[in-house]
Amino acid sequence: LSVLLLLACLSASSAATRTWDGGGGDNLASTAENWTDDTAPVTGDNVVLGATSTKAMTWDDASPSNIASWTQLSGYSGTVTFETHFPGQGAPTNITISGDCVISNGTWTHPANSGSNTEVDRLAVSIGGTLVVGSSASIDVSDVGFAAGRGPGYGGAGNTGGAYGGGAEGNHATLFGKTYGLVNTPTRLGSGGGSWRGGGLVRLDVAGAT
């Protein structure tokens, strides 16, 4: 038992903390120049976003899918876009934060769905500790679901609303979006209307308090 405890302590102490400074020529988390000491996070690192830079970040496919903790301080007002995918549509399908996740400010989202009538993009994060979302923070996937006129809930030609767990009526009373999905356990993207995108999908699995 003592040997196991020692190994656990050594593993925890070796985790580095990487702070976003936005110094690179893009907004990708995998770009080393976007982080202090020009070193991008690797598996098991602690990630910090603060007043050092409010530049928007894309946690892209080349970034680690398993990190120790996520801290988004009140000084960060940017948007973090997570490139996580539906199963079978590319990797990663999920980001794992083994410890706590604190989002004091700024926004989380996912890219606009890149599939025509296929669900490709979503926001999926598993958190092993506690999740805190501050009053100035948001998790917002508005308008990143199926494109206009796409998805199983699109009702047809005309300025029609998309649907999910219930019918959506557009400007013409006879044009209703088709109902699909589950109300109590939503796992699919929102369909587009006649001229606007549907809503995206957030899946958060939190072991501790939220």
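## Close-up views of a predicted model

Asp37 is exposed, with a relative accessible area of 68%. This and every other value below comes from a predicted model.

**View 1. Two neighbouring aspartates with positive phi.** Asp37 lies in the loop between β1 and β2. Its phi is near 65°, a positive value in a residue other than glycine. Asp38 is placed in the loop between β1 and β2. For Asp38, phi is also positive, about 50°, although this residue is not a glycine. How does Asp38 count at 46% relative accessibility? Asp38 counts as partly exposed, because 46% falls between the cut-offs of 20% and 50%. Asp37, at 68%, is exposed because its value is over 50%.

**View 2. The whole chain, for orientation.** The protein has one helix and twelve strands. Along the sequence, the helix is followed by the strands, in the pattern α-β-β-β-β-β-β-β-β-β-β-β-β. The protein has 210 residues, and 42% of them count as buried. The accessible surface comes to about 9700 Å². Carbon and sulfur atoms hold 53% of that surface. Which share of the contacts with a separation of 6 or more joins residues 24 or more positions apart? The share is 64%.

**View 3. Thr19 in strand β1.** Thr19 belongs to strand β1, residues 17-19. Is Thr19 buried or exposed? Thr19 is buried, because its relative accessible area of 19% is under 20%. Beyond residues up to four places away in sequence, Thr19 touches Asn34, Trp35, Thr36, Val48 and Thr52. One of these, Val48, stands opposite Thr19 in β2.

**View 4. Strand β2 and its two partners.** Strands β1 and β2 pair in the parallel sense, over three bridges. Strands β2 and β5 also pair in the parallel sense, over four bridges. In this second pairing, Asn46 has Ser69 of β5 as its bridge partner. Which residues of β2 point one way, and which the other? Asn46 and Val48 point one way. Val47 and Leu49 point the other way. All four are buried.

**View 5. Trp20 against Trp35.** Six aromatic pairs are found in a search of the whole structure. In one of them, Trp20 and Trp35 meet edge-to-face. Their ring centres are 5.2 Å apart, with 75° between the planes. The pair links distant parts of the chain, with Trp20 and Trp35 15 residues apart. Both sit in the loop between β1 and β2. Trp20 and Trp35 are both buried.

**View 6. Trp59 against Trp70.** The ring centres of Trp59 and Trp70 are 5.4 Å apart, and their planes stand at 70°. Why does this pair count as edge-to-face? The angle of 70° is over 60°, so the pair is edge-to-face. Trp59 lies in strand β3, residues 57-59, and Trp70 in strand β5, residues 69-72. The two residues are eleven residues apart in sequence, so the pair ties those parts together. Trp59 and Trp70 are both buried.

**View 7. One aromatic cluster.** Trp20, Trp35, Trp59 and Trp70 belong to one aromatic cluster. Phe82 and Trp108 are in that cluster too.

**View 8. A charge over a ring.** Which ring lies under the charged end of Arg122? It is the ring of Phe86. The charged end of Arg122 is 5.6 Å from the centre of that ring.

**View 9. Leu204 in strand β12.** Leu204 is part of strand β12, residues 202-206. Leu204 is partly exposed, with a relative accessible area of 31%. Apart from neighbours within four places in sequence, Leu204 is in contact with Trp108, Val125, Leu131 and Ile139. Among them, Val125 is 79 residues from Leu204 in sequence. In space, the two are 5.1 Å apart, C-alpha to C-alpha. Trp108, another of these contacts, belongs to the aromatic cluster of View 7.

**View 10. A cis peptide bond.** Ala91 and Pro92 are joined by a cis peptide bond. Omega there is about 0°. Where is Pro92 found? Pro92 is in the loop between β7, residues 84-85, and β8, residues 95-97.

Notes. Residues are numbered from 1 along each chain as its sequence is written. This is a predicted model: local features need pLDDT of at least 70, side-chain atom pairs count only at pLDDT 80 or more; totals for chains, interfaces and linings use all residues. Side-chain values use heavy atoms; hydrogens and water are left out. Buried means under 20% relative accessible area, exposed over 50%, partly exposed in between (1.4 Å probe, protein chains only). Contact means heavy atoms within 4.5 Å. Accessible areas come from the Shrake-Rupley method with a 1.4 Å probe; for residues, only the protein chains shown count as cover. Rings of Phe, Tyr and Trp (its six-membered ring) pair if their centres lie within 6.5 Å; planes under 30 degrees apart count as stacked, over 60 as edge-to-face and the rest as tilted. A charge sits over a ring if NZ of Lys or CZ of Arg is within 6 Å of the ring centre and within 35 degrees of the ring normal. Two strands pair if DSSP finds at least two bridges between them.
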